[in-house]
Amino acid sequence: MSSEVVVVGAGPAGMAAAVAASESGCRVRLLDDNSSAGGQVWRGYASNAGDRDTARFAALMRRLQSVQVEVHAGTRVVAQPAPGMLRVESDAGSADLRYDKLILATGARECFLPFPGWTLPGVLGAGGLQALVKGGLPIADKRIVLSGSGPLLLAVAANLAKKGAEIAGVFEQAPLTRLLKFGAGLSAHPGKIVEGIHYRMASRSAAYRTSAWVMRAHGRDRLHSVVVNVGGSTREIPCDYLGCGFHLIPNSELARLLECAIENGYVRVDSAQQSSVPGIYGAGEITGVGGLEKALVEGEIAGLSAAGRDAGRFYSRRKKQIRLAQRLDATFAPRAELRALAAPDTIVCRCEDVRRDALEKMRNAREAKLHTRCGMGPCQGRICGPASSFLFGWDSQSVRPPLMPSRIQTIATESSVLASSPKGQD
Ligand SMILES: Cc1cc2nc3c(=O)[nH]c(=O)nc-3n(C[C@H](O)[C@H](O)[C@H](O)COP(=O)(O)OP(=O)(O)OC[C@H]3O[C@@H](n4cnc5c(N)ncnc54)[C@H](O)[C@@H]3O)c2cc1C
C-alpha cells in the first residue's frame with residue numbers, strides 16, 4: 001500500500017515536495033491556510049497565470065495537477081491530537097488527518113522590531129505591503145519609505161515602483177562593508193546578481209542608504225512621516241506608507257509543537273531533509289532563509305525522501321543554497337543599536353498593548369506572559385516573541401495548541417478523521 005504523505009505549506013517548497021512524493025507513488029495531501037497555492041513569493045500568481053513572471057509557478061502547478069495531489073486550500077493546521085495525526089480547520093469545519101510521513105514547508109515571516117510609532121496605521125511589513133498590493137491595494141502615486149534589512153526590501157521597492165508608487169528611500173540597517181562582502185561572494189549565484197541589478201534598476205530613482213534605519217514614525221490617526229537615521233544624522237521624510245521588516249524568521253511553531261529539534265532558530269534536518277523526529281521532514285525557509293531556489297530543491301529532496309527514494313543527485317545544488325542562506329543571516333543580522341529604538345512607552349506586544357517599560361521588569365518570557373499577557377493575544381507571540389528575544393535576550397519560543405486562532409469546537413470536541421481519496425481519484 002502506498003504511504004500517506006501530508007505536506008503543510010503550499011509555497012514553492014511544499015509544492016515541489018508534494019509533486020516529488022506523488023510522482024514517486026505516494027498519496028499526497030497538500031495543505032495551506034491561504035486560498036491558493038504559491039506561498040509568499042508566488043502570492044496571487046494563481047489568478048494571473050499567463051504573465052511572463054508566473055512561468056515557473058505555472059509549470060510546477062501543471063505538474064501538481066497532473067499527479068492529482070489532493071490540495072486543501074484555506075486549511076490551517078492547529079494542533080496534533082495524537083501522534084501521526086494533525087487537526088486542521090477550514091471554513092467547512094475541522095477534521096483530523098492521518099499521515100505516515102509529514103513534510104513541513106511552513107515558510108517564514110517578517111521580523112518586526114519595535115520603534116516609536118510602529119503601530120500607526122500606514123506602517124506595515126515590507127513584504128506585507130507588497131502582499132496587499134498584489135491583492136489589489138492601489139498604490140499609484142503613494143509615497144513609500146522602505147526600511148529594515150534584507151534583500152526583500154529591494155524586491156518590494158522594485159515591485160511597488162512598477163505599480164506606480166514613489167519610493168522615497170530604502171533604508172538598510174546593515175553596514176556597507178557587510179553588503180560588499182556579501183556581494184563579492186555571489187559569484188556562485190550569477191542569477192542573484194542579475195536579480196539584484198534588475199531590482200535596483202526598477203527602483204533606481206529611490207535612494208538606497210546603508211547603516212540607515214527608521215527611528216520614529218509620526219502621525220495622529222495614521223502615518224504622515226518618518227524620521228530616519230542615516231550614518232548618524234537624522235531627517236524627516238513625509239510618506240503615505242512605511243514598509244518595514246528586519247529580514248525573515250522561520251514559521252517553526254508547528255515543528256516545535258511536534259518536538260522537532262531546532263538549531264539556531266531553524267528546524268534541524270539531515271541530508272534527506274528529515275528532522276530529528278523520524279518521518280517528519282522540513283523544507284524551505286523553515287530550515288534556513290534562502291529564498292526560492294533553496295525552497296524548490298529542498299522540497300524536491302524532502303518529497304523523494306519521504307517516498308523512500310534516493311535524492312542524492314540534488315545535494316550539490318542544495319549545498320550552494322544553504323551557504324547562501326547562512327551568508328544572508330550573517331549579512332542582515334540586526335545591529336545592537338536597534339535595541340535602543342523602542343522608548344519606555346513603546347508597545348512591544350501589540351495584541352495585548354504591553355509596553356517596553358512593563359517588560360523590562362520581567363526576568364524571562366514566561367514571567368512576562370504571566371504578569372503582562374505579552375504573547376498571549378491572537379498572534380500567539382509571532383510578532384512580539386522575536387522582538388522580545390532581540391530586546392531582552394529571552395527564549396520566547398514555547399508553543400502550545402492551538403497554533404492559530406481557532407473555533408472552540410475545533411479544540412474542544414473530537415473531529416472526524418478525513419479519509420484521503422485514492423491516488424488519482426481526486
Ligand atoms: C511577506 C513575505 C513576502 C515575500 N516576498 C518575496 C518576493 O516577492 N520575492 C522573493 O523572492 N521572495 C519573497 N519572500 C521570501 C519567500 O519566503 C521565499 O522566496 C519563498 O517563498 C519560500 O518558500 P517556502 O515554500 O519555504 O515558504 P512560503 O512561500 O512562505 O510558503 C509557506 C506556506 O505555508 C503556509 N503555512 C504556514 N503555517 C501553516 C499552517 N499551520 N497551516 C497551513 N498552512 C501554513 C503559509 O501560509 C505559506 O503559504 C517573501 C517572504 C515573506 C515573509
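## Exposed or buried: how to tell

A residue counts as exposed if 12 or fewer other C-beta atoms lie within 10 Å of its own, as buried if there are 20 or more, and as partly exposed in between. Keep that rule at hand for two loop residues. Please also bear in mind that this is a predicted model.

## Two loop residues with positive phi

D141 sits in the loop that runs between α3 and β10 (143-149). Its phi is near 70°, a positive value in a residue other than glycine. Is D141 buried or exposed? With 9 other C-beta atoms within 10 Å, D141 is exposed, because 12 or fewer is the cut-off for that class.

Q380 belongs to the loop between α11 (365-372) and α12. Although Q380 is not a glycine, its phi is positive too, at about 50°. Here 18 other C-beta atoms lie within 10 Å, so Q380 is partly exposed.

## A cis peptide bond

Further along the chain, look for P401 and P402: the peptide bond from P401 to P402 is cis, with omega near -5°. P402 is part of the loop between α12 (384-392) and α13 (408-412).

## Around the ligand

Where does the ligand's shell lie with respect to the two domains? Domain 1 (4-109 + 249-328) and domain 2 (112-246) both contribute residues to this shell, so it lies between them. In total, 37 residues surround the ligand, and the closest are G11, G39, G107, G127 and G284. Sorted by chemical character, the shell holds 17 nonpolar, 14 polar and six charged residues.

Several helices and strands take part. At least two shell residues come from each of α1 (12-23), β4 (76-79), β8 (108-110), α3 (126-134), α4 (152-162) and α8 (292-306). Which of the elements gives the largest share? That is α3, with four residues.

## A three-stranded sheet

Strand β4, one of the contributors to the ligand shell, also belongs to an open sheet. Its three strands follow the order β4-β5-β6, and their pairing is antiparallel. At the edges are β4 and β6 (93-98), each of which pairs on one side only. On average, neighbouring strands of this sheet are turned by 40° against each other, direction ignored.

You can follow one pairing in detail. Strand β5 (residues 85-90) and β6 are joined over six bridges in the antiparallel sense. Along this pair, S90 stands opposite G93 in β6.

Key. Residues are numbered from 1 along each chain as its sequence is written. This is a predicted model: local features need pLDDT of at least 70, side-chain atom pairs count only at pLDDT 80 or more; totals for chains, interfaces and linings use all residues. A residue is near a molecule or strand if its C-beta atom, placed from the backbone, lies within 6 Å of it. Ala, Val, Leu, Ile, Met, Phe, Trp, Tyr, Cys and Pro count as nonpolar, Asp, Glu, Lys and Arg as charged, and the others, Gly among them, as polar. Domain bounds come from an automatic or database domain assignment. Two strands pair if DSSP finds at least two bridges between them. Axes are lines fitted to C-alpha atoms, for helices over the stretch in contact, and angles run from 0 to 180 degrees between N-to-C directions.
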